[in-house]
Amino acid sequence: MDQQNSSARFINIGERTNVTGSARFKKLVMADDYAAAVEVARQQVENGAQVIDVNMDEGLLDAVHAMTTFLKLIAAEPDIARVPVMIDSSKFEVIEAGLKCVSGKPIVNSISMKEGEEPFLEHARKCMAYGAAVVVMAFDEVGQADTKERKVEICKRAYDLLVAEGFPPEDIIFDPNIFAVATGIEEHNRYGLDFLEAVREIKQQCPHAKTSGGLSNLSFSFRGNETVRRAMHSVFLYHAIPAGLDMAIVNAGQLDVYDQIDPELREACEDVILMRRDDATERLIDLAESYKGKSVADEKAAEEWRGWEVRKRLEHALVKGIDAHIVDDTEEMRSATADNGGRPIEVIEGPLMDGMNVVGDLFGSGKMFLPQVVKSARVMKKAVAHLIPFIEAEKDLLPEAERKAKGKVIMATVKGDVHDIGKNIVGVVLQCNGYDVIDLGVMVPWPKILEAANENNADMIGLSGLITPSLDEMVTVAEEMQRSEMTMPLLIGGATTSKVHTALKIDTNYEGPVIHVLDASRAVGVASKLLSDTQRDEFVGETASEYEKVRQARAGKTPSVLLSLEDARANYYDAYLSDKPAPPLKPGVHVFDDWDLADLREYIDWTPFFRAWELHGNYPAILTDEVVGETASQLFDDANEMLDKIVSEKWLTARGVAGFWPCARDGDDVTIHRVNREEHVVLPFLRQQVKKSRDRANMCLADFIDPDGDWIGGFAVGIHGIEPHIARFQEDKDDYSDILLKALADRFAEAFAERLHLHTRTDLWGYAPGEQLTNQAIIKEEYRGIRPAPGYPACPDHSLKPILFELLEAEKNVGLTLTESFAMWPTAAVSGFYFGHPESQYFGVARIGRDQLEDYAKRRGIDLATAERWLRPNLD
């Protein structure tokens with residue numbers, strides 16, 4: 001086919017009015033800013049789009065409302081309405097709602113035979129009744145077509161069915177699936193060539209039908225490298241259009257002229273797409289590195305600041321978190337310093353620390369936020385890593401005492417605890433402000449902490465912990481520091497810690513300064529005051545007085561009135577046990593070795609993700625917040641870019657197990673009856689003892705179980721495979737990506753817990769088979785049933801986890817283990833029980849009395865001291 005004639009007939013379908021393909025468009029629609037969203041459509045048309053693809057498939061959106069609202073608005077804009085609309089959704093009710101709003105001839109994207117021929121034809125008949133053309137995906141009951149043969153077979157079958165129904169063949173548009181190439185997976189090497197050959201044959205076997213494809217999929221492996229992506233898309237179209245490709249979903253303004261592409265890059269792209277050589281993928285990947293950061297916007301920005309003198313460039317790179325040129329600039333500064341008789345360490349102590357001081361000042365004044373600071377730290381570490389060999393090569397190194405670090409801090413997550421995201425963030429912030437941080441990692445016993453502090457002549461120790469048993473371990477560290485006659489400050493931090501616990505339990509065991517640090521933003525201020533000659537004594541004195549007031553207030557405070565255990569049990573929650581759920585449809589234990597990460601991604605609750613980065617606000621409103629919106633949006637984009645890689649490159653594996661067992665309530669215990677086993681398993685639960693007002697019950701989880709027979713469930717999920725990626729980021733001095741990946745792994749674990757609970761309610765247990773809830777409703781827990789976890793308010797004893805893990809055989813089935821303090825490994829993990837009664841609800845056990853402590857110790861079969869240790873937060 002003549003290239004010029006075929007190109008003239010080719011149709012560009014604008015891709016930016018699609019919430020799944022454009023972060024900006026999604027943000028605007030989520031914020032109900034439809035006026036700005038309409039401008040995105042206008043820009044697409046102005047950039048050459050001859051059709052605009054509109055997609056509103058987002059879990060937090062009412063897709064029908066969003067689709068109809070947007071289509072009605074653009075219909076009133078003459079310069080947009082002059083081009084056809086492609087109504088794009090995976091839900092046919094959304095498509096049908098859109099069809100009612102479009103004048104002229106719309107295009108439906110898409111229908112397929114994945115659910116069989118009858119649903120396919122039913123959808124086709126409706127589209128034909130509306131006068132719409134349809135995109136038919138190469139997808140059948142077996143799955144998505146990946147080879148040339150499957151693509152042709154499915155499209156020919158669909159064509160014959162549609163034409164037999166009277167569907168106009170010229171209104172049929174086949175999408176034979178453009179898949180990513182150059183992924184490093186050998187089976188993917190033919191994807192580009194298979195598509196081109198399939199299009200050519202489909203056009204021959206299906207007269208008058210059209211072909212289309214989503215072009216952005218092709219270059220998925222090179223996300224973030226716009227130069228290479230543009231080249232790949234242009235090269236692909238150059239060969240696909242003559243083969244018979246009639247249209248493609250593409251950002252029309254992001255295509256290069258084939259003849260103007262760098263010849264070396266153009267050839268490498270063609271080698272991959274046409275599969276012309278065995279090493280095509282490796283060659284393109286190597287070449288792509290040299291094109292990073294060469295987008296039009298990047299080049300324009302580079303013209304401005306790359307011309308500055310080197311000191312200003314270093315400061316700019318640190319403040320903006322740009323690491324692209326940091327090694328070259330650092331070397332330029334080192335050479336200039338050496339030429340003037342200076343030494344490599346002066347580059348660190350001079351321009352680099354000057355730049356980080358600017359970062360510290362901006363962070364302290366609220367003009368920079370934590371994600372930006374962590375990016376700055378990444379730049380600093382790469383600069384320092386370049387200088388270290390030069391510093392070590394010097395024969396006359398400065399003595400340690402003359403180094404200008406503000407102070408040396410030993411940091412550790414205490415023994416039995418494995419969580420370190422918060423600690424890592426604090427370490428990064430301190431390093432950004434000139435402190436020398438020695439991070440001992442997780443599960444660190446007290447002798448190692450004290451030994452490291454002495455060997456490194458540390459100025460202070462920072463302890464972190466997430467689970468409640470860590471509180472006792474922190475007390476132990478304080479006691480051992482006192483026994484060793486240490487005097488350095490002890491900083492306490494982590495989600496489970498508090499100022500009250502620090503004042504009551506830790507400060508009283510150590511005569512040196514003990515400071516509770518609420519979050520990373522406070523760490524620098526605390527450290528600087530503790531190491532200041534003029535501010536230290538006043539700060540330590542004020543903190544000591546504050547903690548003494550806490551202790552006095554606690555001593556003088558009339559504690560909440562507790563009922564006796566007998567009276568609390570008499571005031572139990574009287575649930576309608578006749579409403580208990582039916583037995584599970586699928587009892588027993590169910591193992592899920594590799595749950596689809598793309599599916600779990602749809603269930604992520606983003607609000608806690610932002611809080612982990614100390615950006616406070618609820619998603620999605622935080623993205624448009626006047627103060628943190630810009631930073632939150634950039635962080636959200638970075639997170640989604642990493643999520644794309646996690647999912648497409650299978651960085652992580654989601655493994656989970658769920659089980660359901662017959663049981664009965666026996667007082668405050670739930671006895672699980674093991675099928676085909678003589679012994680039973682007892683789960684002792686705690687009851688609220690604080691006296692209630694207005695006839696409210698003193699609740700216990702056992703109240704939701706029928707003494708005459710019932711069912712209970714349990715689950716454990718974990719995200720595996722993070723270690724090599726973390727090691728890679730740490731090797732690259734990339735704290736930002738390290739923390740980002742850990743935070744996303746945690747979100748995946750919580751999303752898996754949410755998704756598995758949904759699967760339990762609707763399928764495995766099946767007590768809510770018709771449940772229809774949005775993702776927002778699921779996040780708000782607007783469903784029936786609860787999943788309380790050991791260590792949390794309704795079930796505060798972490799030591800129930802081994803019982804749950806044994807029931808689920810969690811280590812054998814999904815590779816989850818427990819530390820001596822019952823923290824789960826890997827760290828991105830969630831476990832808990834399933835209660836299905838419609839009245840079951842979350843609550844806090846809060847303070848319990850001595851009588852329940854003694855009773856619980858007997859029911860658990862442990863001595864009183866052990867029970868006190870595990871339940872200490874509920875005894876104070």
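Eight strands line up in an open sheet in this predicted model. Reading across, the order is S7-S6-S5-S4-S3-S2-S1-S8, and the pairing is parallel. The edges belong to strand S7 (210-211) and S8, each of which pairs on one side only. At the S7 end, strand S6 (residues 172-175) runs parallel to S7, and 2 bridges hold the pair together on paper. Here Phe174 sits opposite Thr211 in S7.

Over at the other end, strand S1 (residues 11-14) has a neighbour on either side in the sheet order, S2 and S8. With strand S8 (residues 247-249), S1 shares 3 bridges, and the two run parallel. Ile13 is found opposite Ile249 of S8. With strand S2 (residues 51-55), S1 shares 2 bridges, again in a parallel arrangement. This time Gly14 faces Ile52 of S2 as its opposite number. As background for anyone looking along these strands, side chains in a regular strand alternate between the two faces of the sheet.

One strand of this sheet also carries a backbone oddity. The peptide bond joining Asn109 and Ser110 is cis, with omega at about 20°. Ser110 belongs to strand S4 (residues 107-111).

Between S1 and S2 in the sequence come two helices that pack together. Helix H2 (residues 23-30) and helix H3 (residues 34-46) have axes that come within 8 Å and cross at roughly 150°. Any angle over 145 degrees counts as roughly antiparallel, so H2 is roughly antiparallel to H3. The crossing of this pair is left-handed. On the H2 side the contact involves Arg24, Phe25, Leu28 and Val29, while H3 brings in Tyr34, Ala36, Ala37, Val40 and Gln43. Sorted by class, that contact of H2 with H3 holds 7 nonpolar residues, 1 polar and 1 charged.

A second open sheet turns up further along the chain. It has 5 strands in the order S10-S9-S11-S12-S13, and its pairing is parallel. Strand S10 (435-439) and strand S13 (514-516) are the edge strands, pairing on one side only. From one strand to the next, the twist averages 25°. Inside this sheet, strand S9 (residues 407-413) and strand S11 (residues 460-464) run parallel and are joined by 5 bridges. Thr413 has Ser464 in S11 as its bridge partner.

Helix H19 (residues 446-455) lies across S9 and S11, and runs at about 170° to S9. In the loop between S10 and H19 comes Met443. Its phi is near 50°, a positive value in a residue other than glycine. For context, most residues other than glycine have a negative phi, and most peptide bonds are trans.

Another cis peptide bond joins Tyr619 and Pro620, where omega is about 5°. Pro620 is part of the loop between helix H26 (606-612) and helix H27 (629-648).

Next up is a second helix pair, made of helix H28 (residues 723-731) and helix H29 (residues 735-764). Their axes are 8 Å apart, and the helices pack at an angle of about 160°. With over 145 degrees counting as roughly antiparallel, H28 and H29 are therefore roughly antiparallel to each other. Their crossing is left-handed. His725, Ile726, Phe729 and Gln730 of H28 make the contact with Ser737, Asp738, Leu741 and Lys742 of H29. By class, the residues in this contact of H28 with H29 split into 3 nonpolar, 3 polar and 2 charged.

Finally, a word on confidence. The chain has a mean pLDDT of 86, and 94% of its residues reach 70 or more. Two stretches do much worse on this score, with pLDDT staying under 50 over residues 1-7 and over residues 395-404. For residues 1-7, the model has 9 contacts beyond four places in sequence. For residues 395-404, there are 11 such contacts.

How values were computed. Residues are numbered from 1 along each chain as its sequence is written. This is a predicted model: local features need pLDDT of at least 70, side-chain atom pairs count only at pLDDT 80 or more; totals for chains, interfaces and linings use all residues. Side-chain values use heavy atoms; hydrogens and water are left out. pLDDT is the predictor's confidence in each residue, from 0 to 100. Contact means heavy atoms within 4.5 Å. Two strands pair if DSSP finds at least two bridges between them. Helices (H or I, at least four residues) and strands (E, at least two) are DSSP runs, numbered from the N terminus. Axes are lines fitted to C-alpha atoms, for helices over the stretch in contact, and angles run from 0 to 180 degrees between N-to-C directions. Angles under 35 degrees count as roughly parallel, over 145 as roughly antiparallel, 65 to 115 as roughly perpendicular and the rest as oblique. A crossing is left-handed if the near helix is turned anticlockwise from the far one by less than a right angle, and right-handed if clockwise. Ala, Val, Leu, Ile, Met, Phe, Trp, Tyr, Cys and Pro count as nonpolar, Asp, Glu, Lys and Arg as charged, and the others, Gly among them, as polar.
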